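Got the viewer open? Let's walk through this one stop at a time, selecting as we go.

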Amino acid sequence: MRIVSGSDGEARTVQLSEVLGALSHALDLTEGQPAGHCVRATWIGFHIGRAMGLPDLQLWELYHTVMLKDLGCSSNAARICELYLSDDLSFKRDFKTVSDSLPKVLGFVFSHTGLKAGLAERFRAVLNILQNGGAIVDDLIQTRCQRGAQIARQLRFPASVCEAIHALDEHWNGSGRPDRLSGPAIPLYARVALLAQVVDVFHTAAGPAAAIAEVRARSGTWFDPQVVACFEAVAAEPGFWATLASDAVEEAVFALAPGSPIVVDEDYLDDIARAFAQIIDAKSPFTSGHSERVAVYADMIAAELSYPSERRRWLKRAALLHDVGKLGVSNAILDKNGKLDDAEWRDMRNHASLSETILSRVVVFHEMACIGGGHHERLDGKGYPRGLSGDAIAPETRIVSVADVFDALTADRPYRAAMSLEKTLGIMRADLGTAFDPVCFAALERALAAIEGDLARAA
């Protein structure tokens, strides 16, 4: 940990576990899990590790393996929607309850494929999955595992954590993925994380007895019997289940965190924002790079407005994370090639509120939560989610709003091709003073003109 200065000048002690634990709620969203799933799984996994007698450094590695097990979860969402003609959030949520039983697998396929599609389209999708299911699942899990390990490396975690995140879906009997590892060849942290994940899913749905029964049923197939034995021991400890089910579980998990070898300084906060921006943008092929570009455009505007360097750095983080709530929106909506219906539009609009909720959980990102929540507000009060107007919209939020819309219009979308620079600026210019702040827009125009001039001189 390290003392980091906030914009208000106060010094704060930043705990790695608290920052990543709060942001893990964003990973819960894209997995369709109830809020706090990764935190609860960490409570379970850490107790198992302690029962196994792991030393402090290994407990720290296990703790963050479980907390961040879903780092790659957004990377296969669009593909799931495409192949299964399904809502990726409910698909992922329910898939976590499916065992290797053929009847259950078939039942899952029929109950989650193309339910809103036409009969012929649904039939083709189901047939494709039944004929090529193995290769399809291999590809989906490989994508998720590789991406999760890559992001863990960006967050400076050691190879042991990255390899365990990559191996999350391996099974003790060799039937898992992505590499068909078996027995002790599976990293220990991955063995614990998978069991902890299943325990939380079944406990949340049906209570302790159901979780214990499911673990016992998969012992020796999915789960390492030694890990199962340690779980059963901690499951019998007084208070284990009560804390897991309580509102105090997050505080309890943060209190368990071992001392961290990773220093949380300003550079690391930048790394966290950049890593989670990549998770956000991986959700849809149409948003690839969006958050990074919005951060660049917002910084260009801030520079033109003579913001000091520290505030520009803060604003870039806010811009990188402004759309974190989109992890809670189904790709069936994000990637829809056509007009959204009323229910879909409500879900889409809710992403701003979700962004604010998630960022509010992170002490060092708390101030920027208003940008996540307000970047779709308009000066005339016709925006969402609160219908704020005029001075109620902070200057930094106005900057990100201009940067966000500029990038959205100049990028491809499911329903249209990217617009030219001239057309984009013309559309935005027509809404100055109603949707967009004229000062921020003028700053963007000056910055773009300066770039164009530099390019012309270099030609």
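Before the first stop, one term: buried area is the accessible area, taken with a 1.4 Å probe, that two parts lose on being put together, summed over both. Keep in mind, too, that this is a predicted model.

Start by colouring residues 32-261 as domain 1 and residues 266-458 as domain 2. Drop a marker on the C-alpha centre of each, and the two markers sit 32 Å apart.

Now go to where the domains meet. Select the contacting residues and you should pick up 17 from domain 1 and 19 from domain 2. Putting the two domains together buries about 1400 Å², with carbon and sulfur atoms giving 56% of that area. Which residues of domain 1 lose the most area to domain 2? Show Ser 74, Leu 155 and Arg 156: together this trio accounts for 34% of what the domain 1 side buries.

Stay on Arg 156 and bring up Asp 271 as well. Their side chains form a salt bridge, with N to O at 2.6 Å. Across the whole interface between domain 1 and domain 2, the rule finds 3 salt bridges. Switch to polar contacts and the count between the domains is 9 residue pairs, both partners at pLDDT 80 or more.

Next, turn on the cartoon for domain 1 and look at the side touching domain 2. Helix H4 (77-84), helix H5 (88-95) and helix H7 (119-154) each supply at least two residues there. For a last view, colour that side by residue class: 8 residues come up nonpolar, 4 polar and 5 charged.

Notes: Residues are numbered from 1 along each chain as its sequence is written. This is a predicted model: local features need pLDDT of at least 70, side-chain atom pairs count only at pLDDT 80 or more; totals for chains, interfaces and linings use all residues. Side-chain values use heavy atoms; hydrogens and water are left out. Domain bounds come from an automatic or database domain assignment. Contact means heavy atoms within 4.5 Å. A salt bridge is a side-chain nitrogen of Lys or Arg within 4 Å of a carboxyl oxygen of Asp or Glu. A polar contact is a pair of N or O atoms within 3.5 Å; within protein, one must be able to donate a hydrogen and the other to accept it, and residues adjacent in sequence count only if both atoms are side-chain atoms. Helices (H or I, at least four residues) and strands (E, at least two) are DSSP runs, numbered from the N terminus. Ala, Val, Leu, Ile, Met, Phe, Trp, Tyr, Cys and Pro count as nonpolar, Asp, Glu, Lys and Arg as charged, and the others, Gly among them, as polar.
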